[in-house]
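Reader: Hi! I'm in my first year and still learning to read these pictures. Could you pick a single part, look at it closely with me, and then show me how the rest fits around it?

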Amino acid sequence: MGIYYDEESSLFFIETKSTTMCLAITDKEGFLNNVYYGTKIQRDNLRYLLRTGVSPFVPSVNERDRGSYLDCARFEFPSAGAGDYRPSAVTVTDASGHDASQFLYESHRIYKGKENLYAQQVDGKNVRMPATFEGGGKAETLEITLSEDVLGLKALLSYSVFEDSDAILKNVRLINESDSSVIIEKLLSSNLDLDKGVWDEDGPDVVTLSGTWARERHIDRRNLSRGSVEVYSARGETSHQFQPFMVVCDKDANDSCGKVYAQTLIWSGNFICGSSVDQFDNIRSYIGINPEHFKWDLKPGESFQAPEAVLVYTAQGFDDMSHIFHDLFRDHLIRSSYLHKERPVLINNWEATYFDFDTDKLISIASEAKKCGIEMLVMDDGWFGKRNDDNSSLGDWTVNEEKLPGGIRALSDKLDEMGMKFGIWFEPEMVSPDSDLYRAHPDWAIAVPGRKPCKMRNQYVLDITRSEVRDYVYKCVSDILKSAKISYVKWDMNRQLSDLGSTQFDAESMGRLSYLYTIAVYDLQGRLLEDFPDLLLENCSGGGARYDAGMLFYSPQIWCSDDTDAYERLKIQAGTEMLYPLSTMGAHVSASPNHITGRAMPFDVRGAVALSGTFGYELDITRIPSEERDAISEQVEICHKYGETVREGDYYRIASEEAAQYYDAWMSVHKDKSKAVFTYIQCRAYPNGKGRCIRLKGLDPDADYKILLIGSDREGSFFCSEAKKKAWEALAPGILSGSTLMNAGLIVPLLPGDYAQMMFEIARI
Ligand code: GLA
């Protein structure tokens, strides 16, 4: 890995372990172009790929050709209004209202390491932005300065690589060196122009993750043809609807093979992420802050930092792409000391009680839970103010002593005596119109004067870009944390931003609000972790609406979805796992029939699906059938036994129910290939069939492995019934080599009935 500049050819080579990106500066003008991104190649003279001698690529021979050049060359930082009609990466308007710009190469520097990114809050305070950091793997960075001489602007484009990763990290900073303000209308973090020639005639596919509440991050695939495909959020959070993630890949790319170009953004607010195909079949992929609800008046001497983008290329399909993202996030983004630690198995009272609980109820849940090996009780929404439903009290973070006599301290002391950890729910960014806080400070809510702001879940959003509001919110949370023994916080955000207005911005700077809101969230969570370094933080947003790489900088785990139906979770988790490590994915066993779908599902299947995330329970343990309660300790044991493989290993998709029709399967394999956990879910019974042959992945072909059906070695196992044991024993192959398991496959018996699970330990001997 490394970054090299060849003086003679004016070429930059940005190299990772297996990829090369090559940037070139054009001779006469100094445009910065991308001439190659793909599998690692020699540092040859790639200037021929600029094709500046051939129409329509000739830049300056005559004006007509120059026009088409601007509209088809592979620019790294395409600007609007000066002859490139494709989506721009930067649009600025000057004081006289003109919006043309053109950024040309000025200088560069290459340095060891990687610098932190900072944004400036309204009070002038520098807030660190989430971004990858060096960690254990050395980094190298190329910073290219482009200059817009007419406007007096500089754009600093940074590219970083790590010695242990195949990802390329990009970010952009815009600096105003002129003596008048400009308006940044749009500033994306990454633009990647690719030649259509990389693909066969029928062109590439595009993969995104999309959904809605309770159906987050389903994998969505379609062909990319002329025009644009774009996913986005203008909701002030990454959203249930789309992820800042797009893959452009071979039409026949699959989990194991095919060229894959993927991008994501380390950001938790509004974004756009798209790919468009132009008249010459060039592909332009881009990602960055959504220009909708954004405008930045960049004053003389000021600079603006766009968030960091992650680019991944592999020729080995989606599994390899996922491994690159997972390793990057685990090794260079998640800072929490819990990252490699076993997380406490928790029980959360939300689906158990909703708002209807008191100390006695919580203690009765906790004491049953404790008997089963559960380690932490999380008290969810409803412990403060007068909150007995979702109509009131957000903002009034004082404990409701009617529910919790003696306060949180009394509860946490009791739990502590029982040997249970304690966690608590907050929704710090919000205010209920029916709250003391709102009655005292109605202007603290984000709103447009003269317009009644839209309520969502009966609440408004606090304007945490204001430092007094932010300080109030912070004090509320930290006072509670200081008042008792609290190990864990679930930080929720249950509505989107709308009616964007803040009393502290004038007309010129109102467009800063949505960006600074996200920065304010980062500031709050950053402060929290500094003051409470041992706190385990789990982010949440009405389920998984803020499941993004930005949040992973603060919390090592994120609540995946309010939908805990194990069948629905197959789709949600498969999409989530495409991008995010399993160690980040909040997954709990809930009651059956499921509260959202009404679907009934066996307890062991609910367990098997949740065991591939950060494990816990979300049910009233005092009221579930006794055989289910008895089954919990076995599930907790399984979690402890295989948790490390799931948390630290490589994840492989084996089959998705949508494609395989009747079943779903996946694996986690230890990095050293010594152990794997293979989960097989039979979704529907299959009449008159035979056992399924499943080819495993990721094992050492030359090693021998022993296969254990998890639970089959345990007397009276609930996880593995006698019937299942028998069905497996008839097929159990004994010891097999990795090469046999990966090529000839493993036979999984057909089981009677819908919804059945089999989890296997595959251990090297
Ligand atoms: C959101 C969360 C849930 C729960 C409720 C409480 O919907 O996703 O897990 O915490 O809020 O109001």
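**A close look at Gln-557**

Author: Let's start with Gln-557, which counts as buried at 2% relative accessibility. Buried means under 20% relative accessible area, exposed means over 50%, and partly exposed is in between, with a 1.4 Å probe and protein chains only. Before we go on, this is a predicted model: local features need pLDDT of at least 70, side-chain atom pairs count only at pLDDT 80 or more, and totals for chains, interfaces and linings use all residues. Residues are numbered from 1 along each chain as its sequence is written, and side-chain values use heavy atoms, with hydrogens and water left out.

Gln-557 sits in strand 30, which covers residues 557–559. Helices (H or I, at least four residues) and strands (E, at least two) are DSSP runs, numbered from the N terminus. What does Gln-557 touch, leaving aside its neighbours within four places in sequence? Its contacts (heavy atoms within 4.5 Å) are Arg-343, Tyr-488, Leu-536, Leu-537, Glu-538, Asn-539, Ser-583, Thr-584 and Thr-614.

Now slide along to Cys-560, which is buried too, with a relative accessible area of 0%. A disulfide is a pair of cysteine sulfur atoms within 2.5 Å. The closest cysteine sulfur to that of Cys-560 belongs to Cys-540 and is 11 Å away, too far for a bond. Cys-639 is in no disulfide either, as its nearest cysteine sulfur, in Cys-372, is 14 Å off. Cys-639 is buried, at 14% relative accessible area. By this rule, the count of disulfides comes to zero.

Further along, there's a cis peptide bond between Ser-592 and Pro-593, with omega at about 0 degrees. Pro-593 has its place in the loop between strand 31 (585–590) and helix 11 (603–610).

Two other buried spots are worth a look. Phe-760, in strand 40 (residues 756–764), has 0% relative accessibility and counts as buried. Its C-alpha atom is 6.6 Å from that of Ile-707, though the two residues are 53 apart along the chain. Not counting residues up to four places away in sequence, Phe-760 touches several others, including Phe-678, Ile-707, Leu-709 and Trp-728. Leu-377 belongs to strand 24 (residues 376–379) and is buried, also with a relative accessible area of 0%. Its contacts beyond four places in sequence include Ile-347, Leu-362, Met-420 and Phe-422. Leu-377 and Gln-243, by contrast, are 134 residues apart in sequence and 31 Å apart in space, C-alpha to C-alpha.

For a partly exposed residue, try Arg-51, with a relative accessible area of 34%. Arg-51 lies in the loop between strand 4 (32–39) and helix 1 (63–70), and has a positive phi of about 55 degrees although it is not a glycine.

Now zoom out. The protein chain has 15 helices and 40 strands. Its radius of gyration (taken over C-alpha atoms) is 27 Å, close to the 27 Å from the globule rule (2.2 Å times the number of residues to the power 0.38) for 765 residues, so the chain is as compact as a globular protein of that length. Along its principal axes, the C-alpha trace spans about 85 × 70 × 40 Å. Gln-557 has plenty of buried company, as buried residues make up 64% of the 765 in the chain. And of the contacts with a separation of 6 or more, 70% are between residues 24 or more positions apart.
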